[in-house]
Amino acid sequence: SKLKIYMYIKYIYHKIKEKFGSICNFGLYHDDGLGISKVSPRQTELIKKDLRGIFSSYGLQITIKANKKAVNFLDVTLNLSDGKYMAYTKPRNIPLYVNRKSNHPTRIIENIPKSINKQLSEISIDENSFNQAAPLYQKALDDREYNHRLAFTPSLT
């Protein structure tokens, strides 16, 4: 069952942190994970082998891509070389929102474009990155009759 697999993954994540936590930093979101380390490519290959073995011992398979300079993780592209980040959307994944004239509570309707704007701003390092991602989301809002223009708002942190 999905719950059983989820519990395995949480347990496995704990085991991974126990074994590699001193040399690698790992993150997990449902069935997506990301790890970063400063070990050599050879050490990375050994870690990959160990990780596959850990997952295999529970009847699970894992896909590992290593020694990348940029990665897409969830809805963000992270450039590990220069520290920049920006919104990422999987190919053919078109955002779809509730129509502005729908029967939802006014507060919900009012907050949809604000939430999208906030999310895009938070996952964009700068205005240029924001502007590269915004057209897809702006079109989705326009298609649902929102009168909101997406605009970059820098984070206060």
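This section describes helix α1, the salt bridges, two buried residues and two loop residues in a predicted model.

Helix α1 runs over residues 2-20. At 1.5 Å a residue, its 19 residues should span 27 Å, and the C-alpha atoms at its ends are 26 Å apart, which agrees with that expectation. The buried residues of this helix are Ile-9, Ile-12, Tyr-13, Ile-16 and Phe-20. When α1 is viewed down its axis, these buried residues fall within an arc of 110°, so they line one face of the helix. An α-helix has 3.6 residues a turn, so residues three or four places apart point the same way. Among the elements that cover the buried residues of α1 are strand β1 (24-29) and helix α2 (41-56).

The other side of α1 carries exposed residues, namely Leu-3, Lys-4 and Glu-18. Leu-3 counts as exposed because its relative accessibility is 60%, and the cut-off for this class is over 50%. Leu-3 is also part of a nonpolar patch on the surface, which it forms with Tyr-6 and Met-7. Together the three residues of the patch have about 330 Å² of accessible area.

The model contains 8 salt bridges. One of them joins Asp-50 to Lys-19, with the closest N and O atoms 3.6 Å apart. Asp-50 belongs to helix α2 and Lys-19 to helix α1, so this pair ties together parts of the chain that are 31 residues apart in sequence. Both partners are partly exposed: the relative accessibility is 31% for Asp-50 and 48% for Lys-19. Helix α2 thus appears twice in relation to α1, as part of the cover over its buried residues and as the site of Asp-50, the partner of Lys-19.

A further salt bridge is formed by the side chains of Glu-45 and Lys-48, with an N to O distance of 3.6 Å. Here both residues lie in helix α2, 3 residues apart, which is about one turn of the helix. Glu-45 is partly exposed, with a relative accessible area of 37%. Lys-48, in contrast, is buried, with a relative accessible area of 13%; the cut-off for a buried residue is under 20%. Apart from neighbours within four places in sequence, Lys-48 is in contact with Ile-64 and Ala-66. The description of Lys-48 therefore combines a charged partner in its own helix with a low relative accessible area of 13%, which places it in the buried class.

In helix α3 (106-122), the side chains of Lys-118 and Glu-122 meet in a salt bridge, at 3.3 Å from N to O. The two residues are 4 places apart in this helix, again about one turn. Glu-122 is partly exposed, at 42% relative accessibility.

Val-76 lies in strand β4, which covers residues 76-79. This residue is buried, with a relative accessible area of 14%. Val-76 and Met-86 are 10 residues apart in sequence, and their C-alpha atoms are 5.6 Å apart in space. Met-86 is also one of the residues that Val-76 touches when those up to four places away in sequence are not counted. The others in this set are Val-71, Tyr-85, Tyr-88 and Ile-123. Of the residues named here, Val-71 falls in strand β3 (70-73), while Tyr-85 and Met-86 fall in strand β5 (85-87).

Two residues have a positive phi although neither is a glycine: Asn-67, at about 60°, and Arg-92, at about 65°. Both are found in loops. Asn-67 is placed in the loop between α2 and β3, and Arg-92 in the loop between β5 and α3. Their accessibility falls into separate classes. Asn-67 is partly exposed, with a relative accessible area of 45%, whereas Arg-92 counts as exposed, at 81% relative accessibility.

Terms used. Residues numbered from 1 in each chain as written. Predicted model: local features only at pLDDT ≥ 70, side-chain atom pairs only at ≥ 80, totals over all residues. Heavy atoms only, no water. Patch = residues over 30% accessible without salt bridge, like charges linked within 9 Å, V, L, I, M, F, W, Y side chains within 5 Å. Areas by Shrake-Rupley, 256 points an atom, 1.4 Å probe, with all protein chains shown as cover. Salt bridge = Lys/Arg side-chain N within 4 Å of Asp/Glu carboxyl O. Buried < 20%, exposed > 50% of the residue type's maximum accessible area, 1.4 Å probe, protein only. Expected span 1.5 Å × (residues − 1). Arc of directions from axis to C-beta. Contact = heavy atoms within 4.5 Å.
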